[in-house]
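Hi,

Here is the structure I said I would send over. Have a look at it first, and then read on for what I found.

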Amino acid sequence: GGIPQLITNEIEGYLINAGDIENLERLINQLLSNSELRKRLGNNSFHKVNEKFNLEKNIYRLYDIYKEC
């Protein structure tokens, strides 16, 4: 659960190890200098959240589970 459930590394964002300051700095600079990358990660994040965590879709999924019981 948690952040890895929401973010696939390099698809919706970046996962870095705690304390890895050099990698954090590199990735922040990469995002600051690349608007296409920011747009792609943002769009991917929006679509993932809409697919996995959309209230209406989850209500129907839950309803289907109860119907099977």
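**Salt bridges first**

Glu51 and Arg61 form a salt bridge, with their closest N and O atoms 3.1 Å apart. Glu51 sits in helix H3 and Arg61 in helix H4, so this pair ties together parts that are ten residues apart in sequence. Before you go further, please keep in mind that this is a predicted model.

Glu51 has another partner too: its side chain meets that of Lys57 in a salt bridge, at 3.1 Å from N to O. Put together, Glu51, Lys57 and Arg61 are linked in a network of salt bridges. How buried or exposed are these three? Glu51 has a relative accessible area of 40%, so it counts as partly exposed. Lys57 is partly exposed as well, at 31%, and Arg61 comes out as partly exposed at 35%. The cut-offs behind those words are simple: buried is under 20%, exposed is over 50%, and partly exposed is in between.

How many salt bridges are there in the model? The count comes to five. One of them joins Lys67 and Asp64, whose closest N and O atoms are 3.8 Å apart. Both residues lie in helix H4, three residues apart, which is about one turn of the helix. Lys67 is exposed, because its relative accessibility is 55%, while Asp64 is partly exposed at 38%.

**Helix H4 itself**

While you are looking at H4, try a quick check on its length. The helix runs over residues 55–68, which makes 14 residues, and at 1.5 Å a residue these should span 20 Å. The expected span is 1.5 Å times one less than the number of residues. The C-alpha atoms at the two ends are 20 Å apart, so the model agrees with the expectation.

At the start of H4, have a look at Asn54: one of its side-chain oxygens reaches to within 3.0 Å of the backbone nitrogen of Glu56. Further along, Asp64 gives you a handy distance to try in the viewer. Its C-alpha atom is separated by 21 Å from that of Val49, and the two residues are 15 apart along the chain.

**Glu12 and Lys48**

Next, go to Glu12, in the loop between helix H1 (3–6) and helix H2 (21–33). Is Glu12 buried or exposed? Its relative accessible area is 11%, so Glu12 is buried. The side chain of Glu12 reaches the backbone nitrogen of Thr8 at 2.6 Å. If you set aside the neighbours within four places in sequence, Glu12 is in contact with Leu6, Ile7, Leu41, Asn44, Ser45 and Lys48.

That last name is worth following up. Lys48 is in helix H3, which covers residues 35–53. Lys48 has a relative accessibility of 15%, so this residue counts as buried. Which residues does Lys48 touch, leaving aside its neighbours within four places in sequence? They are Gln5, Leu6, Ile7, Thr8, Glu12 and Phe53. If you compare the two lists, you will find Leu6 and Ile7 in the one for Glu12 and also in the one for Lys48.

**An odd backbone angle**

The loop between H1 and H2 also holds Glu10. Glu10 is not a glycine, and yet it has a positive phi of about 70°. To put that in context, most residues other than glycine have a negative phi.

**A nonpolar patch**

Last, turn the model to find Ile16, Ile21, Leu24, Ile28 and Leu32. These residues form a nonpolar patch on the surface, and together they have about 450 Å² of accessible area. Leu24 belongs to helix H2. With a relative accessible area of 36%, Leu24 is partly exposed, because that value falls between the two cut-offs. For another distance to try, go from Leu24 to Phe46: they are 22 residues apart in sequence and 22 Å apart in space, C-alpha to C-alpha.

If you want a place to start, I would pick the network of Glu51, Lys57 and Arg61, and then go on to Glu12 in its loop.

Cheers

How values were computed: Residues numbered from 1 in each chain as written. Predicted model: local features only at pLDDT ≥ 70, side-chain atom pairs only at ≥ 80, totals over all residues. Heavy atoms only, no water. Helix = DSSP H or I, 4+ residues; strand = E, 2+ residues; numbered from the N terminus. Polar contact = N/O pair within 3.5 Å; in protein donor to acceptor, adjacent residues only side chain to side chain. Buried < 20%, exposed > 50% of the residue type's maximum accessible area, 1.4 Å probe, protein only. Contact = heavy atoms within 4.5 Å. Patch = residues over 30% accessible without salt bridge, like charges linked within 9 Å, V, L, I, M, F, W, Y side chains within 5 Å. Areas by Shrake-Rupley, 256 points an atom, 1.4 Å probe, with all protein chains shown as cover. Salt bridge = Lys/Arg side-chain N within 4 Å of Asp/Glu carboxyl O.
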